[in-house]
Amino acid sequence: MTTNVLNIIDTGGPGGAETVYLHLATALDPRRYRSICVVSRDGWLTGQLRSGGIAPIVLPSQGSLNVRYLAALCRIIRRERVGVVVAHLYGSSVYAGLAGLLCRVPVVAILHGQTDIAGEGRFDAIKRLIVARGTSRLVFVSERLRDALAPVLKVPARRCVVVPNGVDAARFQPGRDEEARRELGVAPGDFLLGAIGNIRAPKAYDVLLRAVHLLKEGGPPCKVVIAGEGSGSLMQELETLRRQLGVEDSVRFLGLRNDVQRLLRGFDAYVLSSRTEGFSIACVEAMASGLPVIATRSGGPEEIIEDGISGLLVPTDDPEALAGAISRVIRDPGLARDLGTRARHRACDRYSIGAMVQRYESLLEEVASEHQA
């Protein structure tokens, strides 16, 4: 018997949560599951779903409590005879919890980070209650995220599950792409440090810029490229800071890129400067590419990376520590090589898409069986 699974998310991507949504929606066993996908706006994610053979339903969800959106979700659940709802991110989890209660279907809510439940608005207590009461399982992408959020949401431990994100390691192979480096304007002797992630406050790119400034002043220097969607006041602030620090010739913002695998093969090392990270798919992709990774202790990276073995970990909001770790990798090619080799093994062994999907399939079967009992 096939179970109809309704996947919902209130963003359009690109991003880590959207990538997991895509992988899960398209990789579930078609003999056992049929994916129905609701996305809040047309864009990157809808394009990827269509390429994967799924026709998404675009359903705008703007507003604190969008009754039309909730009603539309309920109509889809009833019309498609949905067996389980899978919601990604906190906003979608609130609507999914309500819809699940109204339509009496089990809900699996997946939380990817801390930032979207940090507020103290007038509806926050109600939202947390809905998520706690309306979900059959609350999935966290790392143990640290579970430990931080489960007490806030007051969800019983028996309903909390940790499922690490997975990547397609076969798509991310070690090797050096000289053409990509030339296109990025990197000279043969330059050390190229890369970061991938949309321009958002939690990514703490200001800390990375300050670390690059310290390296430029005290050596060893490096070139840095940052790939990710960015606009608005934060982007302007970062460009101003780059100019004030005098690192305009060392740091480039590339904007959104669709050739991440190729970019990674052009890097000498990967850096993650975040203040908070639920998991970090980009970090695992870099590891699968055989790159030495320097990351902050911002949540997920501590579980992904073994410090000094498969990468280097530094405190958050500490440009000096970040610059010091980058300097170690630049000055010691043997260390860089060993970190990258062990990173590749760890990414392939622990964080494959197959392992992630298998765990979600078991979870879906579990909640569906409980609901039918």
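**Close-up views of a predicted model**

**View 1. The open sheet and its strand order.** In this predicted model, seven strands line up as S3-S2-S1-S4-S5-S6-S7 to make an open sheet, and their pairing is parallel. Strand S3 (57–58) and strand S7 (160–162) are the edge strands, each pairing on one side only. As a reminder, strands of a sheet pair through backbone hydrogen bonds, either parallel or antiparallel.

**View 2. Strands S1 and S4 side by side.** Here we zoom in on strand S1 (residues 3–9) and strand S4 (residues 84–88), which run parallel and are joined by five bridges. A handy landmark is Val5, which stands opposite Val84 in S4.

**View 3. Two helices lying across the sheet strands.** Helix H1 (residues 16–27) lies across S1, strand S2 (33–39), S4 and strand S5 (107–111). The direction of H1 makes an angle of about 165 degrees with S1. Now look for helix H15 (residues 353–372), which lies across S1, S2, S4, S5, strand S6 (137–140) and S7. For H15, the angle of about 165 degrees is to S6.

**View 4. Helix H11 and its two ends.** How many residues of helix H11 (residues 281–288) are buried? Eight of its eight are, so to speak, tucked away: the helix is mostly covered. The buried residues include Ile281, Val284 and Met287, along with Glu285. At the N-terminal end, Ser280 acts as the cap of H11, with a side-chain oxygen 3.2 Å from the backbone nitrogen of Cys283. After H11 comes Gly290, with a positive phi near 80 degrees.

Key:
Residues numbered from 1 in each chain as written. Predicted model: local features only at pLDDT ≥ 70, side-chain atom pairs only at ≥ 80, totals over all residues. Heavy atoms only, no water. Pairing = 2+ DSSP bridges. Helix = DSSP H or I, 4+ residues; strand = E, 2+ residues; numbered from the N terminus. Contact = heavy atoms within 4.5 Å. Axes fitted to C-alpha atoms, helices over the stretch in contact; angles between N-to-C directions. Buried < 20%, exposed > 50% of the residue type's maximum accessible area, 1.4 Å probe, protein only. Polar contact = N/O pair within 3.5 Å; in protein donor to acceptor, adjacent residues only side chain to side chain.
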